[in-house]
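Me: I should like a close look at one part of this model, explained step by step for a first-year student. Please take a single residue as the starting point and then describe its surroundings.
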Amino acid sequence: MNMDFMGRQMVIHPTLIWDNDAVILVDTGMPGQWPQIREAMDKLGVPLGKLGEVILTHQDIDHIGGLSDILKASGRKIEILAHEADRPYIEGAKPLIKMSPERVAKMLETLPEERRKHAEAMFTQPPKASVDRTIADGETLPLCGGITVIFTPGHTPGHVSLYVNKSKTLIAGDAMVVADGQLLGPNPQATLDMETATKSLKQFTQYDIETVLCYHGGIYSDNANQRLEELARSQ
Ligand SMILES: [Zn+2]
């Protein structure tokens, strides 16, 4: 899915996990992107009415952007799941950690006049939603054959990754990135606490991972276990 962030074009990867009983969306894109997710679901033949859970890997705007639209669009109650440490930001009790007034002012300065208003509205009034269920490290959600929560703080205090047991897929959120076909550690420019984020990489070596899906960069499946060992060791 393409996204425009401060005039820069990027591709991001919200993830849909589903079987006959459950449909789960992991991360929701930038504000305004819900129609794109909806369209993708239609194409896959996954009915919106079956969407029961939205899991947020963390609080950043390009992950929580679709929240309000999703909750409005669905006739049924959708549960929002996130880690306790990012919950107050997602619920709007605290300003998003990377959107402090100083930081927003600085970002807006770099924008041309005509784009500034829209960006300001988005950054100062980001979507929010109450978190229905907090998720913790090691917990396996009984959905789609088991989805295990891996607490990987650093990018934000409450960042989680998810291990989809059945397909041996790691949904890494922003704990890692894929660039030029290579699986890399967290992006230093976007990561709040690099030391903690780097330590978090060790967590992945406890799992048998065939495919890694990064929100920025997409799929990596070239001997993932070995690459994850390398990343954990090089820290
Ligand atoms: Zn992020």
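Where is the place of K168?

Reply: K168 lies in the loop between β10 and β11. The model is a predicted one, in which local features need pLDDT of at least 70 and side-chain atom pairs count only at pLDDT 80 or more, while totals for chains, interfaces and linings use all residues. Residues are numbered from 1 along each chain as its sequence is written.

The strand names need a short explanation. Helices (H or I, at least four residues) and strands (E, at least two) are DSSP runs, numbered from the N terminus. The chain contains eight helices and 15 strands.

K168 itself has two features to note. Its phi is positive, about 50 degrees, although K168 is not a glycine. With 14 other C-beta atoms within 10 Å, K168 is partly exposed. The scale is as follows: a residue is buried if 20 or more other C-beta atoms lie within 10 Å of its own, exposed if 12 or fewer, and partly exposed in between, with C-beta atoms placed from the backbone.

The loop of K168 also leads to E210. Setting aside residues up to four places away in sequence, E210 touches K168, T169, S221 and A224; a contact requires that the two C-beta atoms, placed from the backbone, lie within 7 Å. E210 belongs to the loop between α7 (194-200) and β14. E210 counts as exposed because it has 12 C-beta neighbours inside 10 Å.

The two strands beside K168 belong to an open sheet of six strands in the order β8-β9-β10-β11-β14-β15, with mixed pairing. The edges are held by β8 and β15, each with a single partner strand, so one side of each is left without a neighbour in the sheet. Here two strands pair if DSSP finds at least two bridges between them.

The sheet may be followed from the β8 edge. Strand β8 (residues 140-141) runs antiparallel to strand β9 (residues 147-151), and two bridges join them. One partnership links T140 with T148 in β9. The two strands form a hairpin with five residues between them, and C144 in the turn has a positive phi of about 45 degrees. Next, β9 is joined by five bridges to strand β10 (residues 160-164), again in the antiparallel sense. Across this pair, I147 stands opposite V164, and T148 has Y163 as its bridge partner in β10.

Beyond the loop of K168 comes strand β11 (residues 169-173), which runs parallel to strand β14 (residues 211-214) and is joined to it by four bridges. Within this pair, I171 has L213 in β14 as its bridge partner. Strand β14 then pairs with strand β15 (residues 218-220) over three bridges, in the antiparallel sense. C214 is partnered by G218 in β15. The hairpin of β14 and β15 has three residues between the strands, and G217 takes a positive phi near 120 degrees there.

In a regular strand the side chains alternate between the two faces of the sheet.

L170 shows what surrounds this part of the chain. Leaving aside neighbours within four places in sequence, L170 is in contact with S161, Y163, F204, Y207, I209, V212 and L213. L170 is also among the residues with the most contacts inside the largest nonpolar core, which has 49 residues; the others named with it are V54, L56, L162, A172, V212 and C214. A nonpolar core is a set of buried Ala, Val, Leu, Ile, Met, Phe, Trp, Tyr and Cys residues joined through C-beta atoms within 7 Å. In soluble globular proteins, nonpolar side chains tend to be buried together.

A second residue may be set beside K168. D27, in the loop between β4 (23-26) and α1 (34-44), is likewise a residue other than glycine with a positive phi, near 70 degrees. D27, however, is buried, with 24 other C-beta atoms within 10 Å.

Finally, the chain as a whole gives the setting. Of its 235 residues, 36% count as buried. Its C-alpha atoms fill a box of roughly 50 × 45 × 30 Å along the principal axes.
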